[in-house]
4 protein chains.
Amino acid sequence: MSSDNKIAYLGPAGTFTEMAAKMVPGAAASQLIPHASVSEALDAVLSGACHRAVAPIENSLEGGVSATSDALATIPGVQIYGEYLVPVSFDLMVRPGTKLEDITEVLTHPVAYAQSRKWLAENLKQHSHVPAASTAAAAKALANGSTAHAAIAATAAAAIYGLEIIASNIGVNKDAQTRFYEIGKSGTPAKRTGHDKTVVVVELPDDRPGGLLEMLEQFAARGINLSRLESRPIGDQLGRYRFNIDAQGHIEDDAIGEALMGLHRFSPKVIYLGSFERADHSDSVHLGNNADRDYQSAQDWLNSLRQQG
Amino acid sequence: MSSDNKIAYLGPAGTFTEMAAKMVPGAAASQLIPHASVSEALDAVLSGACHRAVAPIENSLEGGVSATSDALATIPGVQIYGEYLVPVSFDLMVRPGTKLEDITEVLTHPVAYAQSRKWLAENLKQHSHVPAASTAAAAKALANGSTAHAAIAATAAAAIYGLEIIASNIGVNKDAQTRFYEIGKSGTPAKRTGHDKTVVVVELPDDRPGGLLEMLEQFAARGINLSRLESRPIGDQLGRYRFNIDAQGHIEDDAIGEALMGLHRFSPKVIYLGSFERADHSDSVHLGNNADRDYQSAQDWLNSLRQQG
Amino acid sequence: MSSDNKIAYLGPAGTFTEMAAKMVPGAAASQLIPHASVSEALDAVLSGACHRAVAPIENSLEGGVSATSDALATIPGVQIYGEYLVPVSFDLMVRPGTKLEDITEVLTHPVAYAQSRKWLAENLKQHSHVPAASTAAAAKALANGSTAHAAIAATAAAAIYGLEIIASNIGVNKDAQTRFYEIGKSGTPAKRTGHDKTVVVVELPDDRPGGLLEMLEQFAARGINLSRLESRPIGDQLGRYRFNIDAQGHIEDDAIGEALMGLHRFSPKVIYLGSFERADHSDSVHLGNNADRDYQSAQDWLNSLRQQG
Amino acid sequence: MSSDNKIAYLGPAGTFTEMAAKMVPGAAASQLIPHASVSEALDAVLSGACHRAVAPIENSLEGGVSATSDALATIPGVQIYGEYLVPVSFDLMVRPGTKLEDITEVLTHPVAYAQSRKWLAENLKQHSHVPAASTAAAAKALANGSTAHAAIAATAAAAIYGLEIIASNIGVNKDAQTRFYEIGKSGTPAKRTGHDKTVVVVELPDDRPGGLLEMLEQFAARGINLSRLESRPIGDQLGRYRFNIDAQGHIEDDAIGEALMGLHRFSPKVIYLGSFERADHSDSVHLGNNADRDYQSAQDWLNSLRQQG
């Protein structure tokens, strides 16, 4: 099995990330390999050990996944080729035989705990929370003999770790979702579909008040909608940020191409992270007259003006 | 003498416009032909009767010359190839033999009169003003036997109409200037010099509040300075305007080219009126990193992203 | 008859301005006094000789009337209290007895001539144009024995100067209008009606590229629509402009008040010229939630935050 | 001891947060009480059990602390009264007697591990990482008999948990800092000092493309610098964000007051989280002429215009 058949993902098994990895085209014929961190999964891609890496980028409850944002912004040579949405639901699971009334300690990740608090307040009035690094880690620790009596985790974790689900979908937000990236080595972007997004990381010039406004105008002047803007610290000192931006459209769109060039001139550092089909399959339309045909007609006009006579 | 040796100008002889026409390259070997209106001078160019037309576009006292702005915005097929600055000074002139104390009526254009009011209040306490269509028309009418006793006009008018100057440079603003355009048939723009300006006429989309702001952002997003913005009625109804814009830079500049294309997409109607050397010879620099080398480097980067892999 | 019953207007009699002066409330019981220039009409107001002055500010054919704009921007102590629209139509008029076939010279203002050119080309193939300072001046000169055979002027001029109309409404643009201001001494603004406009003159700071954009943002940030933006030279040197702005709304509107204060901080020089009912009687609505009730609710909220606890 | 002498903090003991809690005025005479989550610490404030709560908001390595941002945005009734900076340094600590060569498993929080990776690669070539929920949790677990041989944690943790430091300040970024908020019940804001910041949470209107640009213009139009802009998911669905904003200045500044009112009108939801002295003690100056004296002078001018006559 070559590396073309290997997909790295942020493990352990039984997480929502594994569910996303199974959505990557060709996953059924591939080996899915859990990794301990996003950086390690990206390293697997860069070294050629794996063809693709899958990592969470955002969920509707907690927001951006900093580890993934920051890895993409700081590890050169990688690019995003796709994105996938996975519904997030939480189940209460126990070692076989444990009953609801036996539970006094619940092991889970704090976000899962916060989501489940309402259910727990009604159904498990007396309990304490033991935090875990992930929901899958909670399930694994429970299976391995933790002093806790129950874990809150994704459905898939129960089968993997031999646990029993005693309450399903106990989270308060039934529409919660996590979005995942499919990441590979830098290369030709995914094919344009008409419902694409383009991801860039942009630093602002230091010396201009209003720099963020100016940066946003690079998109606005080409009629480009942003679907996400996230600030992240550059890391050298407090108060310096870079922006992770999802723009609607594909690098092959004239509007996106021109905006990228505008950012390249404006910003001391801009990183292109890929163009790919949106997981929600909505059309990406540039406002005003900024479709490719409008660019072509404007270019024809400019050429005629420059050369006439 | 072919039309290549004929320059139309807004007459009559003896105006500041004639002085500007003499500044056009090759004017010494050309015939300068006065015309009664800007439209007629442009018609002479379009018909091939003249090679160039010269008309005032703005003066520091009165502002834009609407007749020229509007002719350029509405008569297709013409383009601006150069601009010239002429200092504006006003002399008091009489028929030979008239003395200062004889003067009770002063013939001149209202702007010249307003400029000279302070001098007249001190030196000609008792007088009345007879308005004329231009300062040269005033000089001509005086020479032709007007009932007035003096005219206020440009120095050159005295020699042309056989008048005597009895007071020089009587205007209150000693630095007054008029700017003139050298206009020809549409063709290849004047050569880029690095201290150029580009003139366009832009209509705003009807249906967008904030349309003017958006239009200005097309320039701002490319670091382009505007040296002039003039609104003019489109003429079909009150409240609809077009904008005459002087932007620093040449159509061959990447920044200007991209901004023109942006305007073409944004605006229902944009007219390119030419790129040419600025009369003040100042450098035209695009703010930020918007020089041609920055555009080239951004284009190289975009190409590499689109084709990599 | 006190000065409260006297209205100065830009004469001579028989112009569209006289027609506008008759629209001022109380005009029927007032004496209408023609003046030779806008400045002289304003002087009559400032001296107390007249209660009001009426002057054209803009017409749909020629655009802004610079003499009025500049007088309002430079003569302190005056304010606008109302505006009026007068339809502009041009008639061909002659001394009694003159026939169409007798006409070889036509006297009129250049704008009226341009408007009538199509009709003249069809009906008076052989003629020349003699320019006049105004259409009324043309009618007056014709009546006084000018060598021309016809004048183009407003209908009212025929009766005043004893002329005969031989062709009516010969202008090409049948919807042409001129807008006029009713001007008085500075004082309490006209009463708010809900369909008002506010007029200001604003200079930009010298040292900021993008100053015009920033100025427009003072309006945009309060949801205020502009119905007119006109640039005029400040007059000290080429390239320095002030902007005459008509904003929808009344100085008593919170949005307008806040925007005016923003301009006062932003601009080295801002002149308030009045708030008054729009001649078109359309509602003046501030975009977004910028009505007075929204300002009041925001102020209540701010007060509660500052004082809570 | 009343609640006025009790400060809740995000525990356990031995974290950087405890160090920040000791910087709160009056902390020396107060009881510092660790809490398991930010929400629980805020609950302690709301219930009156504690006077203040201290929680991390941002660090220069990892960026915003989502748990704190989200708790402040969603738990009503609390306000920020101060901020504190704590340098972040990491020490390698062991149970007494353990030697460097004995260490094969290192227990710590992933961020601390990432920071220490370079030192570990040079000094502990053979080791594996065991993740912990916090650095203090790692120290505590090590003290309690974890199978790991060492923990990476803050200096203070060694004394608290009876561990020995065998390498100090092993992080790669020696200037790393964490910023903490001092939080209390909503009330009168902290006193204005001239070097303040104001924190707000703003949701954008759904229906406007360019809503973020418009929101930023509310600050720009009043010359207000932003020192931080962080997007966070609203949580109901992917793609809807709120923005956590630090603006330079105090709610008692006229510029900040007016901007807050502008946000209140613009945004469907804006939450004021407090104004307080900046931990870096830099001056907070509003760009342009937007100091209180400029506001006062603009208000005086507006009042005179409204009431004159």
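Here are some questions and answers about a predicted model.

Visitor: What should I know about the model and its numbering?
Guide: It's predicted, so local features need pLDDT of at least 70 and side-chain atom pairs count only at pLDDT 80 or more, while totals for chains, interfaces and linings use all residues. Residues are numbered from 1 along each chain as its sequence is written, and chains are lettered from A and ligands numbered from 1 in the order in which they are written.

Visitor: What kind of axis relates chain A and chain B?
Guide: Superpose them by least squares on the C-alpha atoms of residues with pLDDT of at least 70 in both. Chain A then lands on chain B with an RMSD of 0.1 Å, after a turn of 180 degrees and a shift of 0.0 Å along the axis. The two copies are therefore related as by a two-fold rotation axis.

Visitor: In chain A, which residue has the C-alpha nearest the axis?
Guide: Look for a C-alpha 3.4 Å from the axis. In chain A, that nearest one belongs to A:A221.

Visitor: Which elements give two or more residues to the side of chain A that touches chain B?
Guide: Contact here means that C-beta atoms, placed from the backbone, lie within 7 Å. By that rule, 31 residues of chain A meet 31 residues of chain B. Helices (H or I, at least four residues) and strands (E, at least two) are DSSP runs, numbered from the N terminus. The elements giving two or more residues are α7 (211-220), α8 (254-266) and α9 (292-307) of chain A.

Visitor: Which strands stand at the edges of the open sheet in chain A?
Guide: Strands pair if DSSP finds at least two bridges between them. The four strands run in the order β13-β14-β12-β15, with antiparallel pairing. Two of them have a single partner strand each, so one side of each is left without a neighbour in the sheet: β13 (226-233) and β15 (269-277) of chain A.

Visitor: What is the bridge partner of A:V199 in β14(A)?
Guide: Strand β12 (residues 196-203) and strand β14 (residues 241-248) of chain A pair in the antiparallel sense over seven bridges. In β14(A), the partner of A:V199 is A:D246.

Visitor: How is α7(D) oriented against α8(D)?
Guide: Axes are lines fitted to C-alpha atoms, for helices over the stretch in contact, and angles run from 0 to 180 degrees between N-to-C directions. These two pack at about 160 degrees, with their axes 8 Å apart. Under 35 degrees counts as roughly parallel, over 145 as roughly antiparallel, 65 to 115 as roughly perpendicular and the rest as oblique. That makes α7(D) and α8(D) roughly antiparallel.

Note on methods:
Two residues are in contact if their C-beta atoms, placed from the backbone, lie within 7 Å.
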